[in-house]
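Grab a pencil and work through these exercises with the structure open beside you. Each task comes with a worked solution.

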Amino acid sequence: MMKRIFAAMTAAAVFLLAALPASAHVTIWPNEVVQGSYTVFTVRVPSEKEGTETTAVRVVFPDGVTISRFEPKPGWNVEFQRNEKQAITEVTWTAEPGQGLDITEFTEFKMSGRVLPETAAGNKLVWKAYQTYANGEVVEWIGAPDTDSPTPAPATTVIPGSGAADDGHGGESHSTSASSSKDDGSYDALIVALIIVSMVLSIWALSLSLILLLQKRKQQSRN
């Protein structure tokens, strides 16, 4: 009985912890943007490989958005590619020596741009991300979004604008930043909740095992 209970509780804790890596993939926030809005996009990159480090992240921009500025990132160099019209089409952040991301670490890269006014509401801006590790492995985050793909591409949904003119400095950018903060908080809260529940289950299983063991020893001593 004791072994079965302990095994069941351990399995539940392992199941919950296993859900954490599934959430640990390259994402881009906010997950919703307004037509024609100027927005700061945040690329969140967790490192997932044991025994190696994330050393570079490449992001290819989707049609329907223009990116023009990148926030400086200490310890990382930034390079970008342009098309024949001199529009930036992709960016690569490369870690300086000793600045790569370990398996317990993540970082965020910020870039500023605009969702084109002609981009239809309801469309998904699908970004392609490529994560390079020090051992030479490259994880391609290009799978179909919102599916069971183990490597889904980051996606941003375009929502209708208010119809007001956007001067490029105000309202829409603030609203999408607020949405990003809200989503980030929900994401972090889920991770914390899973960790707490798994720890509680583990402690419960250990405590119950000790109680049953003591009861068994008491019965043996009486006999």
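Buried means under 20% relative accessible area, exposed means over 50%, and partly exposed lies in between. Keep in mind that this is a predicted model.

**Exercise 1.** Decide whether Phe61 and Trp127 are buried or exposed.

*Solution.*
- Start with Trp127: its relative accessibility is 0%, so it counts as buried.
- Now take Phe61: with 11%, this residue is buried because the cut-off is 20%.

**Exercise 2.** Work out how the rings of Phe61 and Trp127 are arranged, and where the two residues sit.

*Solution.*
- The chain has six aromatic pairs by the rule used here.
- For Phe61 and Trp127, the ring centres are 6.0 Å apart and the planes make 80 degrees.
- Planes over 60 degrees apart count as edge-to-face, and that's the label this pair gets.
- Phe61 is in the loop between strand 4 and strand 5, while Trp127 is in the loop between strand 9 and strand 10, 66 residues apart.

**Exercise 3.** Do the same for Phe70 and Phe80, then find the cluster they belong to.

*Solution.*
- Here the centres are 5.5 Å apart with 15 degrees between the planes, a stacked pair.
- Phe70 belongs to strand 5 and Phe80 to strand 6, ten residues apart.
- Phe70 has 17% relative accessible area, so it is buried; Phe80 has 36%, so it is partly exposed.
- Both join Trp76, Trp93 and Phe109 in one aromatic cluster.

**Exercise 4.** Which ring does Lys73 lie over?

*Solution.*
- Lys73 lies over the face of Phe109, 5.7 Å from the ring centre.
- Phe109 is one of the cluster residues from Exercise 3.

Methods
Residues numbered from 1 in each chain as written. Predicted model: local features only at pLDDT ≥ 70, side-chain atom pairs only at ≥ 80, totals over all residues. Heavy atoms only, no water. Phe/Tyr/Trp six-rings, centres within 6.5 Å; stacked < 30°, edge-to-face > 60°. Helix = DSSP H or I, 4+ residues; strand = E, 2+ residues; numbered from the N terminus. Buried < 20%, exposed > 50% of the residue type's maximum accessible area, 1.4 Å probe, protein only. Lys NZ or Arg CZ within 6 Å of the ring centre and 35° of its normal.
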